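Please take a reader who is new to this structure through its fold, one part after another. The explanation should begin with the strands and end with the cysteines.

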Amino acid sequence: MNQTFTVTGMTCGHCEAAIKRALARLDPAAQVQIDRSQNRVDVTGSQQPREALAAAIREEGYEVNP
């Protein structure tokens, strides 16, 4: 399953790494691609509900827009 999130507040590679780690803890099989310039986080292969993935990103301090 593919899910795309608009995430604001990502400014550097550390931000990307924090989001990838948070999503990996929730679903180690998920593949995460991040495009900071577009404020975009793409999650592929996750069986987790959308809201659970968004919550993991929010817990790292980033805003997830619908």
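Which residue of strand 3 does Thr 4 stand opposite? In this model, which is predicted, Thr 4 stands opposite Asp 42. That pair belongs to the pairing of strand 1 with strand 3, in which five bridges join two strands that run antiparallel. Thr 6 also has its bridge partner in strand 3, namely Arg 40.

From this pairing one can move outward to the whole sheet, which is open, has four strands in the order 2-3-1-4, and is paired in antiparallel fashion. Strand 2 and strand 4, the latter covering residues 63-65, are the edge strands, and each of them pairs on one side only. On average, and with direction ignored, neighbouring strands of this sheet are turned by 30° against each other. As a general background, strands of a sheet pair through backbone hydrogen bonds, either parallel or antiparallel.

Strand 3 is also joined to strand 2 by five bridges, and here too the strands run antiparallel; in this pairing Ile 34 has Val 41 of strand 3 as its bridge partner. The side chains along strand 3 alternate, with Val 41 and Val 43 pointing to one face, where they are buried, and Arg 40, Asp 42 and Thr 44 pointing to the other face, where they are not buried.

The hairpin of strand 2 and strand 3 has four residues between the strands, and Asn 39 is located in this loop. Phi of Asn 39 is near 55°, a positive value in a residue other than glycine, and this deserves attention because most residues other than glycine have a negative phi. With a relative accessible area of 28%, Asn 39 is partly exposed. A positive phi also occurs just after helix 2, where Gly 61 takes a value of about 100°.

The helices come next. Helix 1 lies across strand 1, strand 2 and strand 3, and runs at about 155° to strand 2. Helix 2 packs on the sheet as well, touching strand 1, strand 3 and strand 4, and its direction makes about 30° with that of strand 1.

Which residues of helix 2 are buried? They are Leu 53, Ala 54, Ala 56 and Ile 57, and because they cover an arc of only 155° around the axis, they lie on the same side of helix 2. The spacing along a helix helps to picture this, since an α-helix has 3.6 residues a turn, so residues three or four places apart point the same way. The buried residues of helix 2 pack against strand 1, helix 1, strand 3 and strand 4, whereas Glu 51 and Glu 59, on the other side of helix 2, are exposed.

The interior can now be considered as a whole. The largest nonpolar core has 19 residues, and those with the most contacts inside it are Phe 5, Val 7, Ile 19, Leu 23, Val 41 and Ile 57. At least two residues of this core are supplied by each of strand 1 (2-8), helix 1 (13-26), strand 2 (31-35), strand 3 (40-44) and helix 2 (50-59), and the largest share, five residues, comes from helix 1. In soluble globular proteins, nonpolar side chains tend to be buried together.

Two members of this core show how the elements meet. Ile 19 is found in helix 1 and counts as buried because its relative accessibility is 0%. Leaving aside residues up to four places away in sequence, Ile 19 touches Val 7, Met 10, Ile 34, Val 41, Ile 57 and Tyr 62. Ile 19 and Ile 57 are 38 residues apart in sequence, yet 5.8 Å apart in space, C-alpha to C-alpha. With its neighbours within four places set aside, Ile 57 is in contact with Phe 5, Val 7, Ile 19, Leu 23, Val 41, Tyr 62 and Val 64.

Finally, why does Cys 12 form no bond with Cys 15? The sulfur of Cys 12 is 3.7 Å from that of Cys 15, the closest cysteine sulfur, and this is too far for a bond, because a disulfide requires sulfur atoms within 2.5 Å. Cys 15 is accordingly in no disulfide, and the count of disulfides comes to zero. Cys 12 is partly exposed at 29% relative accessibility, whereas Cys 15 is buried, with a relative accessible area of 6%.

Terms used: Residues numbered from 1 in each chain as written. Predicted model: local features only at pLDDT ≥ 70, side-chain atom pairs only at ≥ 80, totals over all residues. Heavy atoms only, no water. Core = buried A, V, L, I, M, F, W, Y, C linked by side-chain atoms within 4.5 Å. Buried < 20%, exposed > 50% of the residue type's maximum accessible area, 1.4 Å probe, protein only. Contact = heavy atoms within 4.5 Å. Pairing = 2+ DSSP bridges. Axes fitted to C-alpha atoms, helices over the stretch in contact; angles between N-to-C directions. Arc of directions from axis to C-beta.
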